[in-house]
Amino acid sequence: MFDVPYARSHFPALTEDWALFDHAGGSVPLAGVIERVHDYMSHWQVQLGATYRHSATAAALVAGGRSAMARLVNASPDEIVLGPSSTTNVRTLSRALLPLFSPGDEIVVTNLDHETNIGAWRALEAEGLVIREWRFDPERLELTLEELEPLLHQRTRLVCFTHCSNLIGTVHDAAAIIRRVHEAGALACVDGVACAPHRRVDVQALDADFYFLSIYKVFGPHLGLLYGKRDLLLRARGQNHFFIPEDEVPSKLEPGSVVHELTAALPAILEYLLALDERHHPGSPAPETARLDRVFEDIAAHETALVAPLLDFLRSHRGVRVLGRETADARRAPTVSFVAEGRDSSEIPARLDAERIAIRYGHFYAHRAVEALGLHACNGVVRVSMAHTNTTDEVGRLIAALDRAL
Ligand SMILES: Cc1ncc(COP(=O)(O)O)c(C=O)c1O
């Protein structure tokens, strides 16, 4: 049994009786994160890079945050770019990769992704790049290799796609997609934002060229993490001051440096996940990367059990259409969107507010997907997004409240 009370005890914001189901928007932070920000700002907030003791300690704390994120995704610290958000990181990356492309080269973007992994690449059309659109399968509402195949050409340089849709909750087989992209001689840039709170991200196992996630959705502070293979980061054009050397990775891609106090807090995320693993597998030592795999298997199993009754309820409700996979399994994150026949999606979350249940509606910046589904007219979808800190009781309350509201 997954120990939810133990998990929840690490989150100060989860002591209220509100049932939060908006975690795909942002998770609440760990106590350890809050404490470390407080500690850094109380004792160590001086400039980095000087010789005096405080400066050296501050630098070590900030470096520790980057190392923790590298361990989280199984990379090296110099492959981890930290920025204020994924949107900023991808914009920076798109400019930095220009020297790798020539006019007429092709970039594939999807119509399912959050706009972060579309707009920045589409903007390169102004630099002579050709943009191709990989449309999601209209029946399965997911990205398929069959739809990708005709878009892969000799001139395809980059394929940008989402590991898991933040709208529909389907987890794609990113490793298989990346394999095909590499066979075609292109690079892959994967949006892992909606996947990282629910599945282990191992960039080496995936063989991703670029992979990004938003740390504020993985129980941490408001930061974005961008992984890039070292040789690619070296070939990218620096976006920092002109005197920052091109071999200075990752700082050449971190204009203005990182947010020190938030970066210094990042080890708390790794510590929490390892403590959660120890709680469920006491005294069964394993290499850290295997323990992270294991804790995310436990998280996924708990979330799958949580989401199953919600899917059963929605499926059985006349006039309700669940988007994407209708059964709870390994390919489904606990992010469930639905529309109710004849209803504007904006009506439903407000009714649940009164019952202290937090869900929301909209397009969630997967604007093109909602357009393709023809759902802008009803204000997008109603989205319920869970985390491993949700309880069976909360899901019961949610289902009862939806039953009244639908
Ligand atoms: C799937 C996905 N990609 C990208 C983003 C953008 O992340 P950020 O807010 O860090 O820019 C989000 C944010 O909701 C998201 O859900």
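# Close-up views of a two-domain chain

**Figure 1. The whole chain in the predicted model.** With 406 residues, a compact globule would have a radius of gyration near 22 Å, and the chain agrees with this because its own value is 21 Å. Along the principal axes, the C-alpha atoms fill a box of roughly 65 × 50 × 40 Å. The chain contains 15 helices and 13 strands. Buried residues account for 48% of the 406 residues. Of the contacts with a separation of 6 or more, 68% join residues that are 24 or more positions apart.

**Figure 2. The two domains and the contact between them.** Domain 1 is made of two stretches, 4-30 and 288-405, while domain 2 covers 33-269. The contact takes 34 residues from domain 1 and 35 residues from domain 2. On the side of domain 1 that touches domain 2, α12 (288-316), β10 (335-340) and α14 (367-372) each supply at least two residues. The largest share of that side comes from α12, with 8 residues. Sorted by class, the side of domain 1 that touches domain 2 has 19 nonpolar, 8 polar and 7 charged residues. The centres of domain 1 and domain 2, taken over C-alpha atoms, are separated by 25 Å.

**Figure 3. The largest nonpolar core.** This core has 127 residues. Y211, L225, Y227 and I269 have the most contacts inside the core. Helix α12 gives the largest share of the core, 10 residues. Domain 1 (4-30 + 288-405) and domain 2 (33-269) each contribute at least three residues to the core.

**Figure 4. The surroundings of L225.** L225 is one of the residues with the most contacts inside the largest nonpolar core. Which residues does L225 contact, leaving aside its neighbours within four places in sequence? They are M69, I80, L82, F212, L213 and I215.

**Figure 5. The shell around the ligand.** The ligand is surrounded by 13 residues. The closest of them are S85, T87, H114, V193 and S214. By class, the shell has 3 nonpolar, 9 polar and 1 charged residues.

**Figure 6. Helix α4, residues 86-96.** Of the 11 residues of α4, 8 are buried, so this helix is largely enclosed by the rest of the structure. The buried residues in α4 are S86, T87, N89, V90, T92, L93, S94 and A96. One of these, T87, is also among the closest residues to the ligand. What covers the buried residues of α4? The cover includes the strands β2 (80-83), β7 (210-214) and β8 (224-228), together with helix α5 (116-122).

**Figure 7. A175 in helix α7.** A175 lies in α7, which spans residues 174-183. Is A175 buried or partly exposed? A175 counts as partly exposed because it has 13 C-beta neighbours inside 10 Å, and a residue needs 20 or more to be buried. Not counting residues up to four places away in sequence, A175 touches A205, L206 and D207. N111 is 64 residues from A175 in sequence, and their C-alpha atoms are 20 Å apart in space.

**Figure 8. The peptide bond between V249 and P250.** Most peptide bonds are trans. The bond that joins V249 and P250 is cis, with omega about 0°. P250 has its place in the loop between α9 (230-235) and α10 (260-264).

**Figure 9. L141, a residue with a positive phi.** Most residues other than glycine have a negative phi. L141 is not a glycine, yet its phi is positive, about 55°. L141 sits in the loop between β4 (130-134) and α6 (145-148). L141 counts as buried because it has 21 C-beta neighbours inside 10 Å.

**Figure 10. F219, in the loop between β7 and β8.** F219 has a positive phi, near 70°, and is a residue other than glycine. The two strands that border this loop, β7 and β8, are included in the cover over the buried residues of α4. F219 has 25 C-beta neighbours inside 10 Å, so F219 counts as buried.

Key:
Residues are numbered from 1 along each chain as its sequence is written. This is a predicted model: local features need pLDDT of at least 70, side-chain atom pairs count only at pLDDT 80 or more; totals for chains, interfaces and linings use all residues. Domain bounds come from an automatic or database domain assignment. Two residues are in contact if their C-beta atoms, placed from the backbone, lie within 7 Å. Helices (H or I, at least four residues) and strands (E, at least two) are DSSP runs, numbered from the N terminus. Ala, Val, Leu, Ile, Met, Phe, Trp, Tyr, Cys and Pro count as nonpolar, Asp, Glu, Lys and Arg as charged, and the others, Gly among them, as polar. A residue is near a molecule or strand if its C-beta atom, placed from the backbone, lies within 6 Å of it. A nonpolar core is a set of buried Ala, Val, Leu, Ile, Met, Phe, Trp, Tyr and Cys residues joined through C-beta atoms within 7 Å. A residue is buried if 20 or more other C-beta atoms lie within 10 Å of its own, exposed if 12 or fewer, and partly exposed in between; C-beta atoms are placed from the backbone. The radius of gyration is taken over C-alpha atoms; the globule rule is 2.2 Å times the number of residues to the power 0.38.
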